[in-house]
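I opened my notebook for this one with a simple plan: look things up one at a time and write down what turns up. Fellow computational chemists are welcome to read along.

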Amino acid sequence: MTAIHSSILSTIGNTPIVRVNNLGPKNVELYVKLEAFNPMGSVKDRLALAVIEAAERDGSLKPGQTVIEATSGNTGIGLAMVCAQKGYPLVIVMAESFSIERRKLIRFLGAKVILTPASEKGTGMAAKAEELAREHGWFLCRQFENEANANIHSETTAEEILSAFGGSGPDYWISGFGTGGTLKGVSRAFRSRSPNTKIVVAEPDNSPLLATGIRQSRNPDGSVAASHPGFRPHLMQGWSPDFIAKLAEDALDANYIDGFQPVAGGHALECARDLARKEGIFCGISAGATFAAALKVAETAPDGSRILAMLPDTGERYMSTPLFEGVAENMDAEELEIARSTPNYRFDVKAKPAPAPAVKMVEPTRKALQFVEAVTSNQSEPVVLFALEWCEFCWSVRRLFAAAGIDYRSVDLDSVSYQKDDWGGDIRAALRQVTGAPTIPQIFVGGAHVGGATETFDAFNSGDLQKMLNANGVAFKATGLPDAYSFLPKWLHAR
Ligand code: PMP
């Protein structure tokens, strides 16, 4: 890790294998492989790079061509990183049921996210990606059947495990499956290089697919014909979609699987929380589920067994899911007791008055007074906000104006261009004289002073602001807007 990387892409893989010390029986050795250490926090970074580079090599992906994929999120996040680095536009198709964090991460990385109805399940999401790829001539990654997905796990994940365990591999290796890329790739390598490693596949207990022995129904071209009869909605995002992927089926047909371990959703959540609280290992729901399966295996494994569970991703993308249910935003009784155990900085004790803001008490300069006059009387920019960049009240006014579609000039008194010779301070002094108010923001419409943030919110709520806007020919959205005070940040509401 001391090398300088030529790009983010060479930081993918080589994830740590960590001993679990405080959970599970003492007669076995429990280990976890932490795929959260990949740059975008999941095992799917490996596949993202592998699929794109394989397509570059065989010519199926052309420079600048749009890439598209159907994914429950982590593949999309990994692809977004790879495509950002390599300069490919990316479109991700995702069922609406996957966590909001994933959508936002993908969009933050510059890709587009197309949502499909949850009722159409994983098959619907995949079919939509096919349809868009066909229509627009985009490169479809096909993670569920792309051999590059399994190959990268044989070449990297399995090799990392074998080298860490000294060549002979662990006694048990536990994994769930989504595409089955991890499962097929690692277990294939183990069968030839570490044949004594027992491969245990974890599935949601309410939604067994492989363990049912029922084959996936397919169309003549190999595509999925219908949902698998074993499928039921479950908590483990990224695991067991409503069909058996080609790569997962390959692992089954090649007899790579030595056993199945069903996992209850509640136990998966509990294990993810235990890993966090008792080991300091922060991971997602499918990771908790894989660890839950490892604990079950540990119950009957011979003394001294070395058991390795794959933990596919980080917990940070599950804040809006049942994993974080019961994790409070506000202080609970114990925390309040700690807060009250010393006298100051408390919500129930009045704060000492804050020192007055550093407003120049000097007489305003003629130049600053002229500036305020010129800015507020400019008829081509009738709405003026005198603001500070860091100020939350100013942000709230900006949010209100943005929601109402009001164009305005913002004079940011603390911005770099107003800092020279304290020009911003001079203007504040002038504003104080003109408005009689020492606070920022101050808002003007058509040369008339509206007031600070609260006066502006009041004027908006009463309709007076809209009258001023109309009188000055300023366009705005007239209906469907909430109480202006709702644009204040939550911590200010409480005041
Ligand atoms: N867990 C999570 C959170 C995932 O996103 C995925 C990938 N869909 C998996 C597990 C399963 O990995 P694979 O696709 O390699 O079977």
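**Starting at a glycine**

I looked up G446 first and found it partly exposed, with a relative accessible area of 40%. A note to self before going on: this is a predicted model. G446 sits in the loop that joins β13 (442-445) to β14 (448-451). I then asked which residues G446 touches, leaving aside neighbours within four places in sequence. The contacts are T376, P382 and N472. I also checked Q379, which is 67 residues from G446 along the chain, and the two C-alpha atoms are separated by 6.8 Å.

**On to T376**

T376 was on that contact list, so I followed it up, because I wanted to know whether it is buried or exposed. T376 is buried, at a relative accessible area of 6%. I place T376 in helix α11, which covers residues 366-376. Its side chain reaches the backbone oxygen of E373 at 3.3 Å. Beyond four places in sequence, T376 is in contact with V384, F386, F444, G446 and G447.

**Helix α12**

Next I did a length check on helix α12 (residues 392-404). At 1.5 Å a residue, its 13 residues should span 18 Å, and the end C-alpha atoms are indeed 18 Å apart, so the two agree. I listed the buried residues of α12 as C394, S396, V397, R398, L400, F401 and A404. What do these buried residues pack against? I found β11 (383-387), β12 (409-412), β13, α15 (453-462) and α16 (464-471). Right after α12 comes G405, with a positive phi near 65°.

**The ligand**

I turned to the ligand and counted 15 residues around it, of which K44, G178, T179, T182 and S286 come nearest. Which polar atoms approach it? A polar side-chain atom of T179 is 2.6 Å from a ligand oxygen. For T182, an N or O atom of the side chain lies 2.5 Å from an oxygen atom of the ligand. G238 contributes a polar backbone atom, 3.1 Å from a nitrogen atom of the ligand. Taken alone the ligand exposes 390 Å², and the protein buries 96% of that.

**Stepping back to the domains**

Last, I looked at how the chain is divided: domain 1 runs over 1-327 and domain 2 over 366-492. Taken over C-alpha atoms, the centres of domain 1 and domain 2 are separated by 50 Å.

Technical notes
Residues are numbered from 1 along each chain as its sequence is written. This is a predicted model: local features need pLDDT of at least 70, side-chain atom pairs count only at pLDDT 80 or more; totals for chains, interfaces and linings use all residues. Side-chain values use heavy atoms; hydrogens and water are left out. Domain bounds come from an automatic or database domain assignment. Helices (H or I, at least four residues) and strands (E, at least two) are DSSP runs, numbered from the N terminus. Buried means under 20% relative accessible area, exposed over 50%, partly exposed in between (1.4 Å probe, protein chains only). A polar contact is a pair of N or O atoms within 3.5 Å; within protein, one must be able to donate a hydrogen and the other to accept it, and residues adjacent in sequence count only if both atoms are side-chain atoms. Contact means heavy atoms within 4.5 Å. A residue is near a molecule or strand if one of its heavy atoms lies within 4 Å of it. Accessible areas come from the Shrake-Rupley method with a 1.4 Å probe; for residues, only the protein chains shown count as cover. The expected span of a helix is 1.5 Å times one less than its number of residues.
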